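User: I have a structure to look at and would like to go through it in questions and answers.

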Amino acid sequence: MNYKTKLLVAGIVIFILAVASLLYIKNAGSKKAEIRVNDQQVQIGGSTSDAPKDTSRSNLDKPSITDAKSNGLKIQDKPVDFGFKPASGRIIDTIVIHSTYNAMGGDPYSVDGVIAEYKSYGVSPHYLIDRDGNIYRLVEDKNIAYHAGISRVPDGRTNVNDFSLGIELIEKDTDHPTDAQYASLNALLAQLKGEYKIKYVLGHDQIAPGRKTDPWNFDWNRIR
Ligand SMILES: [Zn+2]
């Protein structure tokens, strides 16, 4: 080999090494990104998944507390495995307010008692607010919960479950909602109105007149 050939070979070797190291750096970078994406998916799936394992009885007994969005509103996830139909991509523009209590014996204000009663009827709201203002999420917003029954909103649409969220306050029909319930309800409504374009916030009695009387003794002036 003469000097020029040696120089050429050396040049080619350096070029190949340079390309190889560039490829290595690029691969390492994308692997890191992949891991990050997977981590995110695990977190998202863990908090919002409605997979069967997440609707087990043990989850009913041990609600997990999560910070919903960024406004610090505390919502305890307490997923049920009845009273709803999985859905995706539905448009939510109505919120229906209900009231209920445990009429099956024992403490009328028992959250677990109320949920057991829902189970016996195969119904559920999305959210349940107890007398102390604790908010429980029983069904994810995206899913269709069976809370409204035969009903109609003012613009004439029926099948209200399809486009609404249901919120239940625990109270007897002789009670009034507590201050804590009004406070939590307002905070929850503010969050949901930020998340969805809400056209109606209505009582169950307004969408099923003659058939339903809840929310009982409810002061609409206290809703912001
Ligand atoms: Zn109702």
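User: Which residues are buried in α4?

Analyst: This is a predicted model. A residue is buried if 20 or more other C-beta atoms lie within 10 Å of its own. In α4, the residues that meet this cut-off are Gln181, Ser184, Leu185 and Leu188.

User: Why are they on the same side of α4?

Analyst: An α-helix has 3.6 residues a turn, so residues three or four places apart point the same way. The buried residues of α4 are Gln181, Ser184, Leu185 and Leu188. They are on the same side because the arc they cover around the axis is only 100 degrees.

User: Which exposed residues does the face of α4 turned away from its buried side carry?

Analyst: The buried side of α4 packs against β2 (73-77), β5 (127-129), β6 (135-137) and β8 (164-170). On the face turned away from that side, the exposed residues are Asp179 and Gly194.

User: How far apart are the end C-alpha atoms of helix α4?

Analyst: Helix α4 has 17 residues, 179-195. At 1.5 Å a residue, the helix should span 24 Å. The model agrees with this, as the end C-alpha atoms are 25 Å apart.

User: Is Thr94 buried or exposed?

Analyst: Thr94 lies in strand β4 (residues 94-100). Its contacts beyond four places in sequence include Val153, Phe163 and Tyr200. Because 25 other C-beta atoms are within 10 Å, Thr94 is buried.

User: What separates the C-alpha atoms of Thr94 and Lys199?

Analyst: Along the chain, Thr94 and Lys199 are 105 residues apart. Lys199 is also one of the residues in contact with Thr94. The separation of their C-alpha atoms is 5.8 Å.

Definitions and conventions: Residues numbered from 1 in each chain as written. Predicted model: local features only at pLDDT ≥ 70, side-chain atom pairs only at ≥ 80, totals over all residues. Helix = DSSP H or I, 4+ residues; strand = E, 2+ residues; numbered from the N terminus. Expected span 1.5 Å × (residues − 1). Buried ≥ 20, exposed ≤ 12 C-beta atoms within 10 Å, placed from the backbone. Arc of directions from axis to C-beta. Contact = placed C-beta atoms within 7 Å.
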